Amino acid sequence: MPMIVRQTVVEAASPHLGGRIDRVVQELAGGSRSHVTGLFDAGCVTLNGQPTHETGWQLAAGDRIEVRFEAHRRYAPHPRLRPHSGFAVVYEDRDLLVVDKAAEMLTVATDRGERYTLAACVNQYVRHSGGGRGAFVVHRLDRGVSGLLVFGKSREMEQQLRDQFAARKPRRQYVAIVAGRPRAAEGEFRSYLATDKALNRYSTLDRQVGQLAVTHYRILENLADTTLVEVWLETGRRNQIRVHFAESGHPVLGDPRYQAAAARHPNWPHQRIALHAQTLGFEHPVTGQLLQFDSRLPAEMLRFVNQSRGEARPGTPRRKRSPRTKRGG
């Protein structure tokens, strides 16, 4: 079928300024709202040259929207992930599964012996579905942080995946909203993280006490008084992203532990941290296939960005691209 390409740029006086991107796509491509959602799901829509799946993204002046689609084809939305209690299954086979964790869940129990944890719920799901002997934790996300995690369905699979993490092979990319404005558009935090008696993490120069932690970041957009950043990890230490940004004077919004006073914001009333594990990529231990999964930006983070964009001062640098939100698979 012939391919149709349609595009537009949001001008300062455009009626689309501040509006939703899906409404512009509907004008460009036509069809029902379901068809428009299908275009997003099929990767037919780009924003400033990058694929986007965020149908509710609020547009700013200078944004370029392009839609590529086959003539006379109806694009149906992808089936939405079936939610479980506190998580959604993104991918599953006989060896492993990838889940999208809700922010309020603990990954594993603490010394208090919590029963309602992600590990317990995913283990129960695997056993009851007949898909394996259970689920074994490979890595963790803090309570208050949402996003992607992989579980092995056997001890052997768990260990092989852990070996990849130890070798720093998996791709782990996050999106965060941090207080204030980091000076550099991109940068690296490198320190040794230690733990005090209250189990708080902090940076030290003493290699004998701390573990090497390396965090990279890039600014996606300067908002009114906060910043949307993309973060990726070389190492995966507990609280690593939160500590590094807090120590730089730009704590993650909603963080109750690290620079808590500075992490408060009147437009962030949520009982969670504005940090989302958006991308996870690794090599399948059995097939050798490179797998990559992407999770949608949580609704509360998307709403905050859209609201803050409207409050940004004139002349504030705009984002060069939107956070990638490709679905897993």
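The legends below describe close-up views of a predicted model. Local features are described where pLDDT is at least 70, side-chain atom pairs count only at pLDDT 80 or more, and totals for chains, interfaces and linings use all residues. Residues are numbered from 1 along each chain as its sequence is written, and side-chain values use heavy atoms, with hydrogens and water left out.

**View 1. An open sheet of four strands with a helix lying across it.** The strands, which like the helices are DSSP runs numbered from the N terminus (E, at least two residues, for strands; H or I, at least four residues, for helices), stand in the order β1-β4-β2-β3 with antiparallel pairing. Two strands are said to pair if DSSP finds at least two bridges between them. Strands of a sheet pair through backbone hydrogen bonds, either parallel or antiparallel. β1 (3–9) and β3 (50–51) are at the edges, each with a single partner strand, so one side of each has no neighbour in the sheet. Seven bridges join β1 to β4, and M3 has E70 in β4 as its bridge partner. Three bridges join β2 to β4, where T46 stands opposite E66, while β2 (residues 45–47) pairs with β3 over two bridges, with P51 in β3 as the partner of T46. Helix α1 (residues 21–29) lies across β1, β2 and β4 (64–70) and runs at about 50° to β4; this angle is taken between N-to-C directions, on a scale from 0 to 180 degrees, of lines fitted to C-alpha atoms, for helices over the stretch in contact.

**View 2. Strand β13 between its partners β9 and β12.** Seven of the eight residues of β13 (residues 226–233) are buried (under 20% relative accessible area, with exposed meaning over 50% and partly exposed in between, for a 1.4 Å probe and protein chains only), so the strand is largely enclosed by the rest of the structure. Strand β9 (residues 171–179) runs antiparallel to β13 and is joined to it by seven bridges, with Y174 partnered by V231. Seven bridges also join β12 to β13, again antiparallel, and these two strands form a hairpin with three residues between them. E221 has L228 in β13 as its bridge partner.

**View 3. Salt bridges at three places in the model.** A search of the whole structure finds 14 salt bridges, each defined as a side-chain nitrogen of Lys or Arg within 4 Å of a carboxyl oxygen of Asp or Glu. In one of them, R20 and D22 meet at 2.7 Å, N to O; R20 is partly exposed, with a relative accessible area of 32%, whereas D22 is buried at 13%. The side chains of E221 and R309 meet in another, at 2.9 Å, N to O. E221 lies in strand β12 (residues 211–222) and R309 in helix α7 (residues 299–311), so this pair ties together parts that are 88 residues apart in sequence. E221 is buried at 1% relative accessibility, and R309 is buried at 6%. R242 and D255 form a further salt bridge (2.8 Å, N to O), linking helix α5 (residues 240–247) to the loop between α5 and α6 (260–263). Salt bridges that share partners join D142, R242 and D255 into one network.

**View 4. Aromatic rings in pairs and in a cluster.** A pair of aromatic rings is described by the distance of the centres and the angle of the planes. The search finds seven aromatic pairs, where rings of Phe, Tyr and Trp (its six-membered ring) pair if their centres lie within 6.5 Å, with planes under 30 degrees apart counted as stacked, over 60 as edge-to-face and the rest as tilted. The rings of Y91 and F293 have centres 5.3 Å apart and planes at 40°, so this pair is tilted. Y91 lies in strand β5 (residues 87–92) and F293 in strand β15 (residues 290–294), so the pair ties together parts that are 202 residues apart in sequence. Y91 is partly exposed at 23% relative accessible area, but F293 is buried at 1%. The rings of Y217 and F245, with centres 5.7 Å apart and planes at 65°, form an edge-to-face pair. Y91, F282 and F293 form one aromatic cluster.

How values were computed:
Contact = heavy atoms within 4.5 Å.
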